[in-house]
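Visitor: I would like to walk through this structure with someone who reasons from it step by step. Could we take it as a series of questions?

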Amino acid sequence: MDVLVDLDADALRVAKAVYAVRRSRDAMTPVKGLFGEPAWDIMLDLFIAFKRGTDLQVSSVCIEAGVPSTTILRWIARLENEGLLYRASDSTDLRRRYVRLTDDALAMMRSILGAMANVG
C-alpha cells in the first residue's frame, strides 16, 4: 500500500498561520499599509494557492494584498524579473492571467517556511 506524504505540510501550516496573523494585524491597524510587505504577501499567497492546487489571477493577488493595485503590479513585475514568479494565460479566456511561483521560488519558500517551523 502506497502512502502519500506531504513533505510541505509544516511549510503550509506556517504559511497559513503567518498569512492569517498578517491579515489580523492589518485589520486591527487604523493606518492602512503601515506594515506593508507586498513581496512577502504575494509569495505567501502564491505558496498557499500552489499547495491547495489552485491558481490565482493577477487581480486576486491585488485584492488579497490589501494595497493599491499599482503597488502589487510593480511587485509582481519585480518578482517576475527576479525569476520568482511567472504569469500564465488562461487557455479558455485570454483576458485572464494567472500568477504562479517558479520552481526556484517554491524551493525558497519551502526553505524559509521550514526554518520558521523550527523556530521556538
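Guide: What follows is a set of questions and answers about two helices, a loop residue and some salt bridges, all read from a predicted model.

Visitor: What distance separates the end C-alpha atoms of α4?

Guide: Helix α4 covers residues 69-81 and therefore has 13 residues. At 1.5 Å a residue, these should span 18 Å, and the distance between the end C-alpha atoms of α4 agrees with this, being 18 Å.

Visitor: Which residues of α4 are buried, and which exposed residues lie on the face turned away from them?

Guide: The buried residues of α4 are Thr71, Ile72, Ile76 and Leu79. They cover an arc of only 135° around the axis, which puts them on the same side of α4. The face turned away from that buried side carries the exposed residues of α4, namely Arg74 and Asn81.

Visitor: Which residue just after α4 takes a positive phi, and of about what value?

Guide: The residue is Gly83, which is also one of the contacts of Thr102 once the neighbours of Thr102 within four places in sequence are left aside. Just after α4, the phi of Gly83 is positive, at about 80°.

Visitor: Is Thr102 buried or exposed?

Guide: Thr102 lies in the loop between β3 (97-101) and α5 (103-117). Leaving aside neighbours within four places in sequence, Thr102 is in contact with Gly83, Leu84, Leu85 and Tyr86. Its relative accessibility is 16%, and because the cut-off for burial is under 20%, Thr102 counts as buried.

Visitor: What arc do the buried residues of α5 cover around the axis?

Guide: Helix α5 has 15 residues and reaches 21 Å from its first C-alpha to its last, close to the 21 Å expected at 1.5 Å a residue. Its buried residues are Ala105, Leu106, Met109 and Leu113. They lie on the same side of α5, because the arc they cover around the axis is only 100°.

Visitor: Which elements are included in what covers the buried residues of α5, and which exposed residues does the opposite face carry?

Guide: The cover over the buried residues of α5 includes α1 (9-28), α2 (38-52) and β3. On the face of α5 turned away from its buried side, the exposed residues are Asp103, Asp104 and Ser111.

Visitor: About how much accessible area does the patch with Met116 have?

Guide: Met116 is found in helix α5, and at 33% relative accessibility it counts as partly exposed. Together with Met108 and Ile112, Met116 forms a nonpolar patch on the surface, and the accessible area of these residues together is about 210 Å².

Visitor: How far apart are the closest N and O atoms in the salt bridge between Glu82 and Arg78?

Guide: A search of the whole structure finds seven salt bridges, and one of them joins Glu82 to Arg78. Arg78 is partly exposed, with a relative accessible area of 45%. The closest N and O atoms of the pair Glu82 and Arg78 are apart by 3.9 Å.

Visitor: Which residues are linked in a network of salt bridges?

Guide: Arg96, which is partly exposed with a relative accessible area of 28%, forms a salt bridge with Asp90 at 3.2 Å between the closest N and O atoms, and another with Asp93 at 3.3 Å. Asp90 counts as buried at 7% relative accessibility, and Asp93 counts as buried at 15%. The residues linked in the network are Asp90, Asp93, Arg95 and Arg96.

How values were computed
Residues are numbered from 1 along each chain as its sequence is written. This is a predicted model: local features need pLDDT of at least 70, side-chain atom pairs count only at pLDDT 80 or more; totals for chains, interfaces and linings use all residues. Side-chain values use heavy atoms; hydrogens and water are left out. Helices (H or I, at least four residues) and strands (E, at least two) are DSSP runs, numbered from the N terminus. Buried means under 20% relative accessible area, exposed over 50%, partly exposed in between (1.4 Å probe, protein chains only). Contact means heavy atoms within 4.5 Å. Patches are made of residues with over 30% relative accessible area and no salt bridge: like charges are joined within 9 Å, nonpolar side chains (Val, Leu, Ile, Met, Phe, Trp, Tyr) within 5 Å. Accessible areas come from the Shrake-Rupley method with a 1.4 Å probe; for residues, only the protein chains shown count as cover. A salt bridge is a side-chain nitrogen of Lys or Arg within 4 Å of a carboxyl oxygen of Asp or Glu. The expected span of a helix is 1.5 Å times one less than its number of residues. The arc is that of the directions from the helix axis to the C-beta atoms.
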